[in-house]
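Here are a few friendly exercises, each with a worked solution. Keep the sequence and the structure in view as you go.

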Amino acid sequence: WDNRLQERADRVDWFSTLFEIIDMRSFSNLWYWIALAVLWSTTSHWVIGVPYDLVQRAARFEGQAQVDLEVLTRIYCSRLLYIAATSGLWLLGFACAALTSLFLLGFVYGVEFSQALLLIAFPMTLVGVMSLNTARIIQDRMLEGADLRARLNRHRIQTQVLGMISIFITSMWGMYQNLSLHAWS
């Protein structure tokens, strides 16, 4: 009987040690940083919905790969612009309300989880605006061939730069949170 109690105590001690090492707050949680990296990696790979490897294949082989790229790009551009035309104002209103709520909860009331979500959601909103702008340019100028690939490359680079800035700001804020607010508690 005493051995069983000791085993359970050891297990509980192991779990408490694990949860002390892996802190369950947002900025000190490893899963938050993994999710952030996966999100930005995926965002820079899917340029307005088109996988970037298709852009590279079209540049390398042209022919059918270029036709596939143009067709898929037209589909995604039409889709984005249709959504913006039919429900863009509603989406803008909901996005502004959600971002404002996250900002107030995070930085006025000090909820760390809201800060973490805002530092993900705000840049993703900017990526959405950039994607909408790219889709409009592609459709208005009827880009195809090398011009289309160049525009998609430009959008990808802009997304990657925004991602680097966002990750830098998020990591600086996360380190500040971990070192100043939680280090002595």
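**Exercise 1. Aromatic pairs**

Find how many aromatic pairs there are, then work out how the rings of Phe27 and Trp33 are arranged.

*Solution.* Bear in mind that the model is predicted.
- Step 1: Counting gives seven aromatic pairs.
- Step 2: For Phe27 and Trp33, the ring centres are 6.4 Å apart and the planes meet at 45°.
- Step 3: Planes under 30 degrees apart would count as stacked and those over 60 as edge-to-face, with the rest tilted, so the pair of Phe27 and Trp33 is tilted.
- Step 4: Now look at the cover. Phe27 has a relative accessible area of 2%, so this residue is buried. Trp33, at 24%, is partly exposed.

**Exercise 2. Two rings on one helix**

Describe how Phe103 and Phe107 are placed along helix α4 and how their rings meet.

*Solution.*
- Step 1: Phe103 and Phe107 are four residues apart in helix α4, so about one helical turn separates them.
- Step 2: Their ring centres lie 5.5 Å apart with planes at 35°, so this pair is tilted.
- Step 3: Phe103 has a relative accessible area of 43% and Phe107 has 33%. Partly exposed means between 20% and 50%, so Phe103 belongs in that class, and so does Phe107.
- Step 4: Widen the view: Phe103 and Phe107 form one aromatic cluster with Trp173 and Tyr176.

**Exercise 3. A nonpolar patch on the surface**

Which helix supplies the largest share of the nonpolar patch?

*Solution.*
- Step 1: List the members. Among them are Phe103, Leu104, Phe107, Val111 and Leu117, and the whole patch has about 850 Å² of accessible area together.
- Step 2: Assign them to helices. Both α4 (63-108) and α5 (112-141) supply at least two residues each.
- Step 3: The largest share, five residues, comes from α4. Phe107 is found in this helix.

**Exercise 4. Cores inside**

Locate the largest nonpolar core and trace the contacts of Leu69.

*Solution.*
- Step 1: In general, nonpolar side chains tend to be buried together in soluble globular proteins.
- Step 2: The largest nonpolar core here has 17 residues, and those with the most contacts inside it include Ile48, Leu69, Ile138 and Leu152.
- Step 3: Two or more residues of this core come from each of α3 (52-61), α4, α5 and α6 (145-181).
- Step 4: Leaving aside neighbours within four places in sequence, Leu69 is in contact with Val50, Leu54, Val55, Ala58, Leu148, Arg149 and Leu152.
- Step 5: A second, separate core has ten residues, including Leu119, Ile120, Val127 and Met130.

Technical notes. Residues are numbered from 1 along each chain as its sequence is written. This is a predicted model: local features need pLDDT of at least 70, side-chain atom pairs count only at pLDDT 80 or more; totals for chains, interfaces and linings use all residues. Side-chain values use heavy atoms; hydrogens and water are left out. Patches are made of residues with over 30% relative accessible area and no salt bridge: like charges are joined within 9 Å, nonpolar side chains (Val, Leu, Ile, Met, Phe, Trp, Tyr) within 5 Å. Accessible areas come from the Shrake-Rupley method with a 1.4 Å probe; for residues, only the protein chains shown count as cover. A salt bridge is a side-chain nitrogen of Lys or Arg within 4 Å of a carboxyl oxygen of Asp or Glu. A nonpolar core is a set of buried Ala, Val, Leu, Ile, Met, Phe, Trp, Tyr and Cys residues joined through side-chain atoms within 4.5 Å. Buried means under 20% relative accessible area, exposed over 50%, partly exposed in between (1.4 Å probe, protein chains only). Contact means heavy atoms within 4.5 Å. Rings of Phe, Tyr and Trp (its six-membered ring) pair if their centres lie within 6.5 Å; planes under 30 degrees apart count as stacked, over 60 as edge-to-face and the rest as tilted.
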